[in-house]
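Please look over the sequence and the model shown here before reading on. The paragraphs below are meant as a careful first walk through them.

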Amino acid sequence: MTATATDFALRSGGTRQLAGTATLLRFALRRDRVMIPVWVAVNALMILTMPNTLENLYATPAERADLLRNTAANASFRALIGPAFDDSIGALTAWRVGVYAGALAAVLSLLLVVRHTRDEEESGRHELVASGMVGRRASLTAALLTAVVANAVLALLVTVGLARHGVLGALALGLGLAGVGMVFATLAAIVAQFTQSARLARGLTAGLVGAGFVLRAAGDSASDDGSSALTWVSPLGWLENLRPFARERWWVLLLFVGAAVVQAVVAYELAGRRDVGMSFLPARPGPADGRLGTAGALAWRLQRGSVLGWSVGFFLAGVVYGGLTDGVADLVGDNDNAREIFQRMGGQSGITDAFLASMIGMLGLIAALYVVASVLRLHGEETSMRAEPVLANAVGRLRWAAGHLVIAFAGAALIMLLAGLGFAVGHGKEIGPILGACLVQLPAVWVVGGVAVLLYGVLPRVAMGAWGVAGAVLLIGWVGPALDVPQAVLDLSPFGHLPKLPGGGMEWGPVLVLLGVAVALTGGGLAGLRRRDVTM
């Protein structure tokens, strides 16, 4: 893909068009020296720990064959995870985590490309860099090569880590994940040409990832072999139809290559037809007064799209997981190991409560990603120099920060509440206990948000490290119970101290302690922001 796109650039402007690409690539990798390893490590560990989990859960071929039959007969689980094509450990691993690993690879790729293209233009740094001996298409090329590096490392880790279950199957899964990542990387490169806002570019491309997931889910719910036309529309559907460890369809890789090449060529062509900092769809200017007369109103205007997207996503996730609840007992059956894992993640009062608690806990972990992204919007406003004109008026730092923090912490409460309503709609009963179980996740979510506030306020240069904290919490909560890690490791996460609801008893002590920790971390961050220089 990269060679073809580069050849196109060379034909359209010669080697001068790519001058400085190597330097920009090194700079991009240096800037992302935390984000890329964290995202790749979380994704790879999620995949590489799954075989051990499946071997413990389904130790015999008969148990795996039963799982395959039960999955084929359950349209809801096919929509959630996809169809399984073989009962080997490798094939079940690809079935269980393939779609979600592909979605994570897509999200990382779009974040990288937008960060090193539209983000750089929006902040004005690209114009400064372009004033030197840098080719017109060097920035886009470096961004795509950064995505290539990240996806290549993921593919290598997956291939090596799963080789014992079948080298060809491991290679197919690794290449498929990299293919999904590069399809959405080049798609993000196109979207970045149409918007003047990096935030909008990320949101639109993430929306396309969500649309791909929905199309695949709709197709898989209608067919148990991945043959639905809706499944083939989505790159995530291509990944499952590659069929790693189940008589691989190598020709499906051509779909990834073709889509990535075509989209890269389109992105290069569009990039050469617009001015730096401009877009094909210019931003619509907003009102200068009225509803935007306060710092809080401005913060809401900047973050309302994100809040709306997360709200819709959490409500729909609640509906889906709630609808699966009644069938989970049939899927688990008499498997004591599967029941134990659900109970470690969730409650202790029956498999239904345990499943509800584990799924609600998983959404709580994802809500921590929302609160980190919302808090770090302060960092983005400051480094892009947009905060300085606001603070030059009669607006104090604390009042300016409070507007964004209210949206971050209250928004987390809103999306968890909507998730609870979605569970109630999908499950059709136990509305009160389910809402309580969703809201009890908030103290742990706010602790992670408090860490982000503290890093931003006291150590702004390492504020992006909050993503590493959120990733570690996600990894402990997601993978830890399945690996039967010691309780001491689970306790490193604030989520490990929450009561397991529904099904367990309410314990106010840990909840109040976590609330106190969140308040202390947030207060420390605000105190640091008040004392330090703005824009570092």
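What follows moves from the whole chain to two places within it.

The model is a predicted one, and the mean pLDDT of the protein chain is 82, with 85% of its residues reaching 70 or more. Residues 5-12 call for caution, since over this stretch the pLDDT is below 50, although the model gives the stretch 14 contacts beyond near neighbours in sequence.

The protein chain has 26 helices and zero strands, and of its 536 residues 52% are buried. When contacts between residues at least 6 apart in sequence are considered, 76% of them join residues at least 24 apart. The accessible surface of the chain comes to about 22,200 Å², and carbon and sulfur atoms account for 66% of that surface.

One place to look at is E240, which belongs to helix 14, the helix of residues 235-241. Its relative accessible area is 9%, and because buried means under 20%, E240 counts as buried. Leaving aside residues up to four places away in sequence, E240 touches G82, P83, F85 and V99, and also R216, D220, G226 and T231.

The second place is on the surface, where L168, L171, L175 and W250 make a nonpolar patch of about 340 Å². Of these residues, L175 is found in helix 11, which covers residues 167-194. L175 has a relative accessibility of 36% and therefore counts as partly exposed, a class that lies between under 20% for buried and over 50% for exposed.

Definitions and conventions: Residues are numbered from 1 along each chain as its sequence is written. This is a predicted model: local features need pLDDT of at least 70, side-chain atom pairs count only at pLDDT 80 or more; totals for chains, interfaces and linings use all residues. Side-chain values use heavy atoms; hydrogens and water are left out. pLDDT is the predictor's confidence in each residue, from 0 to 100. Contact means heavy atoms within 4.5 Å. Helices (H or I, at least four residues) and strands (E, at least two) are DSSP runs, numbered from the N terminus. Buried means under 20% relative accessible area, exposed over 50%, partly exposed in between (1.4 Å probe, protein chains only). Accessible areas come from the Shrake-Rupley method with a 1.4 Å probe; for residues, only the protein chains shown count as cover. Patches are made of residues with over 30% relative accessible area and no salt bridge: like charges are joined within 9 Å, nonpolar side chains (Val, Leu, Ile, Met, Phe, Trp, Tyr) within 5 Å. A salt bridge is a side-chain nitrogen of Lys or Arg within 4 Å of a carboxyl oxygen of Asp or Glu.
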